[in-house]
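Work through the exercises below with the structure open. Try each task before you read its solution.

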Amino acid sequence: MSSRRAALAALGLAVLPWTTWVEAWTTQTVPFQVRVSMPQDAAAPLTVTFTAQAPTENRVVWDFGDGSTAQGTRVEHTFYRAGRYAVRARLLDSRGQPLATATGPLEVRSGGPERAELVVLLGRDEVRFSAAGSVAYRPGTPSFTLDGRPVGTGPLSLAPGEHRAAVRLPGESGLLSREVSFRMAPLPGSVPFETEVLRLTNQARARGWNCTALREGGQSLPPLKRHPELEVAALAQSAGMALHGYFDHRSALDGSTPATRLRATGLRVEASAENIAGGQPTPQAVVDAWLRSPGHCRNIMGDFTHLGVAHVERPGTRYRHFWTQVFATPLEAAGR
């Protein structure tokens with residue numbers, strides 16, 4: 001096995017963190033359809049995106065079955081407790097008269113014991129924080145500290161060296177907290193390298209790279225577009241590996257997964273995946289390696305719309321070059 005292939009990661013994780021159900025009833029000849037998007041594990045606290053397809057002149061009123069209501073064609077709601085909820089959406093005309101009703105059940109699983117999670121999204125000379133992945137069975141706003149000082153979620157400029165962050169948030173059982181130590185250091189990278197990875201990736205999609213035959217000539221796919229939140233998630237992964245000496249999709253820095261890092265950026269997606277690699281000195285070398293690895297290749301040729309790319313160079317480490325691709329279809333791009 002060549003050193004280039006040996007440096008490649010294990011198969012990239014193709015994560016499908018969202019599921020949907022659609023229910024529709026009409027009392028008149030008014031088109032009315034409801035779509036529900038949520039994490040596949042459906043575990044509390046569960047944030048769900050509700051979207052109604054309805055004429056623009058009408059109003060949509062939601063009853064989430066837990067005592068909460070909302071209005072609008074697109075709303076988000078968090079269910080903090082496990083249980084079975086009867087969700088109802090009503091379509092009203094301009095006078096408030098009902099035109100149609102859509103209803104459906106929503107099962108929310110227990111998320112297990114309450115706990116605080118802290119996602120540290122490293123960047124170049126800056127850092128972001130998130131409590132994504134925390135389990136708290138009551139509404140509450142997380143608070144963060146950095147080196148003992150209260151801070152927001154960022155991005156926060158930060159000098160090289162060792163640092164310590166903490167998050168605290170209220171839970172049903174009391175105050176939940178977690179601390180994470182991390183380091184910052186200069187992280188040289190190359191924007192032209194990252195742009196070239198995108199170009200080569202889209203070239204493979206356009207030419208219909210066949211992940212089984214390992215050659216061109218398959219179905220052509222549309223190009224992926226760069227997305228700022230995906231760039232944040234990709235850089236956090238490359239920087240984490242470079243600065244903290246691991247090579248894995250699960251971060252040894254804070255325990256985050258690709259899906260958690262995406263949620264930490266604030267982006268809602270229909271589907272996502274991550275490719276990582278280490279040691280390849282050029283964009284051509286890393287894309288060639290990914291295309292000749294079936295799991296990574298399937299991500300490149302996957303049904304996604306957007307991509308984030310990050311290249312970090314850290315001399316003196318095992319791989320020196322650290323690469324990450326984060327693929328996703330944001331809910332907005334999916335027409336949700």
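**Exercise 1. Find the polar partner of the H296 side chain, then place H296 in the model.**

Step 1. The side chain of H296 makes a polar contact with the side chain of S293, at 2.9 Å. A polar contact is a pair of N or O atoms within 3.5 Å; within protein, one must be able to donate a hydrogen and the other to accept it, and residues adjacent in sequence count only if both atoms are side-chain atoms.

Step 2. H296 sits in helix α6, residues 294-300. Helices (H or I, at least four residues) and strands (E, at least two) are DSSP runs, numbered from the N terminus.

Step 3. H296 has a relative accessible area of 0%, so it is buried. Buried means under 20% relative accessible area, exposed over 50%, and partly exposed in between (1.4 Å probe, protein chains only).

A note on the source: this is a predicted model, where local features need pLDDT of at least 70, side-chain atom pairs count only at pLDDT 80 or more, and totals for chains, interfaces and linings use all residues. Residues are numbered from 1 along each chain as its sequence is written, and side-chain values use heavy atoms, with hydrogens and water left out.

**Exercise 2. Locate F304 and list what it touches.**

Step 1. Look in the loop between α6 and β19 (306-313); F304 is there.

Step 2. Its relative accessibility is 10%, so F304 counts as buried.

Step 3. Leave out residues up to four places away in sequence. F304 then touches R205, L224, A271, S272, A273, N299, F327, A328 and T329. Contact means heavy atoms within 4.5 Å.

Step 4. Compare sequence and space. F304 and E270 are 34 residues apart in sequence, and 9.2 Å apart from C-alpha to C-alpha.

**Exercise 3. How do α3 and α4 pack?**

Step 1. Take the angle and the distance. α3 and helix α4 (residues 258-265) pack at about 130°, with axes 9 Å apart. Axes are lines fitted to C-alpha atoms, for helices over the stretch in contact, and angles run from 0 to 180 degrees between N-to-C directions.

Step 2. Classify the angle. α3 is therefore oblique to α4. Angles under 35 degrees count as roughly parallel, over 145 as roughly antiparallel, 65 to 115 as roughly perpendicular and the rest as oblique.

Step 3. Name the residues. E229, L230, V232, A233 and Q237 of α3 make the contact with R261, L262 and T265 of α4.

**Exercise 4. Which residues touch the most other members of the largest nonpolar core?**

Step 1. This core has 41 residues. A nonpolar core is a set of buried Ala, Val, Leu, Ile, Met, Phe, Trp, Tyr and Cys residues joined through side-chain atoms within 4.5 Å.

Step 2. L118, V120, L122, V127, F129 and F182 touch the most other members.

Step 3. Helix α3 (residues 228-244) gives the most to this core, with 8 residues.

Step 4. A second, separate core has 26 residues, including V48, L91, A102 and V108.

**Exercise 5. Find unusual backbone geometry at A42, D147 and two prolines.**

Step 1. Recall the rule. Most residues other than glycine have a negative phi, and most peptide bonds are trans.

Step 2. A42 has a positive phi of about 50°. A42 lies in the loop between β3 and β4.

Step 3. D147 has a positive phi near 55°. Its relative accessibility is 36%, so D147 counts as partly exposed.

Step 4. The peptide bond from A44 to P45 is cis, with omega near -5°. The bond from G154 to P155 is also cis, with omega near 10°.
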